[in-house]
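This report describes two pockets and one helix of a protein model. The sequence and the structure are shown first.

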Amino acid sequence: MNIILGIDPGSRLTGYGVIKQEGRAFTYLGSGCIKAIAAGDDLGARLDTIFAGVSELIIQFKPTMFAIEQVFMAKNPDSALKLGQARGAAIVAATQGGLTIAEYSARQIKQSVVGTGAADKSQVQHMVKSILKLPGTPQADAADALAVALCHGHSHEYLDKLTGQATKIVRRRLR
């Protein structure tokens, strides 16, 4: 069993999603947004809010795995820099919480959850709701974070399967 904390970083709203994975089954544990916007235009205060929020989530949910969306180069380089700083605050919180960091591109996340890397936000929300059997549609940033966690769960399961197969092949050759 794994508890996966997924993060969709943002300098004003950072989405989070927490799921439990048992084999191929996923269970919703929680999701929402860390609202750094309350800190106003002070970037340092917003980064501190993100760091503190992720640290609190780690204490509350005790995840065994941490996954975060990679920075993509947006049209505005200033926005990409702020996004990178928000990611950094979340990553430091996870590292200080003893977690290993897994990173996925937006395309990988959408491909894993929706089946196409070009999916839009509403498609991601719909599939997250369906996969986790949620009664309602999660907020967009929270749905993206849950998608990050699901992507990691799928990737981790696949790697375990490959590792197991590789081990069996090696054992057969040694005999």
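The model is predicted. The second largest pocket has a volume of about 180 Å³. Its lining consists of Asp8, Glu69, Phe72, Ala106, Ile109, Lys110, Lys121, Val124, Asp141, Asp144 and Ala147. At least two of the lining residues come from each of helix 3 (106-113), helix 4 (121-131) and helix 5 (140-174). By class, this lining holds six charged and five nonpolar residues, with no polar ones.

The largest pocket encloses about 210 Å³ of space. Of its 14 lining residues, Asp8, Pro9, Gly10, Phe72 and Leu83 lie nearest the centre. Helix 2 (residues 77-96) makes the greatest contribution to this lining, namely three residues.

The volumes and the class composition of the linings are set out below.

| Pocket | Volume | Nonpolar | Polar | Charged |
|---|---|---|---|---|
| Largest pocket | about 210 Å³ | six residues | four residues | four residues |
| Second largest pocket | about 180 Å³ | five residues | no residues | six residues |

Helix 2 comprises 20 residues and spans 28 Å from its first C-alpha to its last, close to the 28 Å expected at 1.5 Å a residue. Its buried residues are Ala80, Leu83, Ala86, Arg87, Ala89, Ala90, Ile91, Ala93 and Ala94. Leu83 is thus listed both among these buried positions and among the residues nearest the centre of the largest pocket. The packing partners of the buried residues of helix 2 are strand 1 (2-8), helix 1 (43-61), strand 4 (65-69) and strand 5 (101-104). Just after helix 2, Gly98 adopts a positive phi of about 80°.

Key: Residues numbered from 1 in each chain as written. Predicted model: local features only at pLDDT ≥ 70, side-chain atom pairs only at ≥ 80, totals over all residues. Heavy atoms only, no water. 1 Å grid on protein atoms, 1.4 Å probe; cavity = no way out; pocket = protein on both sides within 12 Å on 5 of 7 lines; lining within 4 Å. Points joined across faces, edges and corners; volume = space filled by probe spheres on them. Helix = DSSP H or I, 4+ residues; strand = E, 2+ residues; numbered from the N terminus. Nonpolar A, V, L, I, M, F, W, Y, C, P; charged D, E, K, R; others polar. Expected span 1.5 Å × (residues − 1). Buried < 20%, exposed > 50% of the residue type's maximum accessible area, 1.4 Å probe, protein only. Contact = heavy atoms within 4.5 Å.
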